Amino acid sequence: MNQPDERGGRLFARACTECHSLRGSGGQKAPKLDGFLSRRWIRGILLHPESADYYGNAKISGMEGYEKLGEQKIGQLTDYLYALRSHAADDPALESGRRLFVSAGCAECHALVKGKDNGGPTLAGYGSTAWLTGMLRDPGTPAYYDVQNKMPDFGNRLPPEDINDLVSFLKALEQEDAELAQGG
Ligand code: HEC
Ligand code: HEC
């Protein structure tokens, strides 16, 4: 009953559902978080960032959809982004993904190295505990959503333990996609 992600779930219901929807309820002012950071979720944001499921409701803009890249490249980029939470961006095992990221123009707006800012949200450690913690603490810094940000800075509103619990909760959401895919 008192696992971090369960405590995080209770906090989420209290502090986050005004704007975010999850499992069919909640607000429409921010990206939907069903399956957040799963491969399906990442693929969707690359194809249609402007959709109401992603940034459409928040009315933040700056990235076009990448349907034109075709299935194969979208798949490769999805795998690359998915790996960034557990691998360094320049890990030789991810070489082809990194090259595609650069040749498709993604690096013009997204940094892959901590401390660098290319304008768009940083993807250094994308989806890792550090990335999520930084985002919840201060989504309005230049490294994240910058001047377009409309989400409160929870680093100034919640104690660090609560932020940790919310991060655990967010990290568990991709599992729900896996369960759906298995029909259970
Ligand atoms: C012209 C700048 C620009 C380019 C080029 C660009 N993006 Fe983005 N990207 C953004 C911005 C700005 C956002 C924030 C959402 C928005 O404004 O639509 C974003 C959001 C994202 C997100 C979601 C980040 C989050 O907060 O969860 C991912 C993942 C992403 N981009 C990957 C890519 C990839 C992969 C490419 C190349 C195929 C790419 N972007 C190209 C500007 C860009
Ligand atoms: C007042 C509305 C609002 C509240 C409350 C809010 N958010 Fe957000 N959130 C947003 C918006 C809008 C965005 C899109 C980026 C932006 O505009 O800053 C966002 C982005 C996010 C993202 C990134 C999604 C992506 O594209 O990668 C996550 C994760 C997130 N919020 C989690 C939370 C959690 C957890 C809470 C509660 C502790 C919360 N939010 C509370 C409005 C809100």
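Trainee: Which helices each supply at least two residues of the shell around ligand 2?

Mentor: This is a predicted model, where local features need pLDDT of at least 70, side-chain atom pairs count only at pLDDT 80 or more, and totals for chains, interfaces and linings use all residues. Residues are numbered from 1 along each chain as its sequence is written, chains are lettered from A and ligands numbered from 1 in the order in which they are written, and side-chain values use heavy atoms, without hydrogens and water. Helices are DSSP runs (H or I, at least four residues), as strands are (E, at least two), numbered from the N terminus. At least two shell residues each come from α1, α6 and α5 (129-137).

Trainee: Which of these gives the largest share?

Mentor: A residue is near a molecule or strand if one of its heavy atoms lies within 4 Å of it. There are 25 residues around ligand 2, with Cys16, Cys19, His20, Asn149 and Met151 coming nearest. The largest share is three residues, from α5.

Trainee: How many residues of the shell around ligand 2 are charged?

Mentor: Ala, Val, Leu, Ile, Met, Phe, Trp, Tyr, Cys and Pro count as nonpolar, Asp, Glu, Lys and Arg as charged, and the others, Gly among them, as polar. The shell holds 20 nonpolar and three polar residues. The charged ones number two.

Trainee: Which side chain has an N or O atom 2.4 Å from an oxygen atom of ligand 2?

Mentor: A polar contact is a pair of N or O atoms within 3.5 Å; within protein, one must be able to donate a hydrogen and the other to accept it, and residues adjacent in sequence count only if both atoms are side-chain atoms. A polar side-chain atom of Tyr55 lies 2.7 Å from an oxygen atom of ligand 2, and one of Tyr145 lies 3.5 Å from an oxygen atom of ligand 2. The side chain at 2.4 Å belongs to Asn149.

Trainee: Now ligand 1. How many charged residues are in its shell?

Mentor: Ligand 1 is surrounded by 21 residues, Met63, Cys106, Cys109, His110 and Tyr145 being the closest. α2 (39-47) gives the largest share, three residues. By type the shell has 17 nonpolar residues and four polar ones. Its count of charged residues is none.

Trainee: Which side chain lies 2.8 Å from a nitrogen atom of ligand 1?

Mentor: Two tyrosines face oxygen atoms of ligand 1 instead: Tyr55 at 3.0 Å and Tyr126 at 2.7 Å. The nitrogen atom is approached by His110.

Trainee: Tyr126 also has a ring partner. Which residue is it?

Mentor: Rings of Phe, Tyr and Trp (its six-membered ring) pair if their centres lie within 6.5 Å; planes under 30 degrees apart are stacked, over 60 edge-to-face, the rest tilted. This pair is edge-to-face, 4.9 Å centre to centre, with 85 degrees between the planes. Tyr126 counts as buried because its relative accessibility is 8% (buried is under 20% relative accessible area, exposed over 50%, partly exposed in between, 1.4 Å probe, protein chains only). The partner, buried at 4%, is Trp131.

Trainee: How many aromatic pairs are there, and how many residues separate Phe12 and Phe169?

Mentor: The structure holds seven aromatic pairs. Phe12 and Phe169 form a tilted one, 5.1 Å centre to centre and 40 degrees between the planes. Both residues are buried. Phe12 is in helix α1 (4-15) and Phe169 in helix α6 (160-181), with a separation of 157 residues.

Trainee: The charged end of Arg39 sits over which ring?

Mentor: A charge sits over a ring if NZ of Lys or CZ of Arg is within 6 Å of the ring centre and within 35 degrees of the ring normal. Arg39 is 4.0 Å from the centre of its ring. Arg85 lies over a ring face at 4.0 Å too, and that ring is also Tyr82.

Trainee: Which residue forms a salt bridge with Arg39?

Mentor: Side chains of opposite charge can pair when their charged atoms come close. A salt bridge puts a side-chain nitrogen of Lys or Arg within 4 Å of a carboxyl oxygen of Asp or Glu; a search finds 12. Arg39 is partly exposed, at 42%. Its partner, with closest N and O atoms 3.0 Å apart, is Asp79.

Trainee: And which residue meets Arg85 in a salt bridge?

Mentor: The N to O distance is 3.1 Å. Arg85 is in the loop between α3 and α4 (95-103), and the partner sits in helix α6, 89 residues apart. That partner counts as buried because its relative accessibility is 15%: Glu174.
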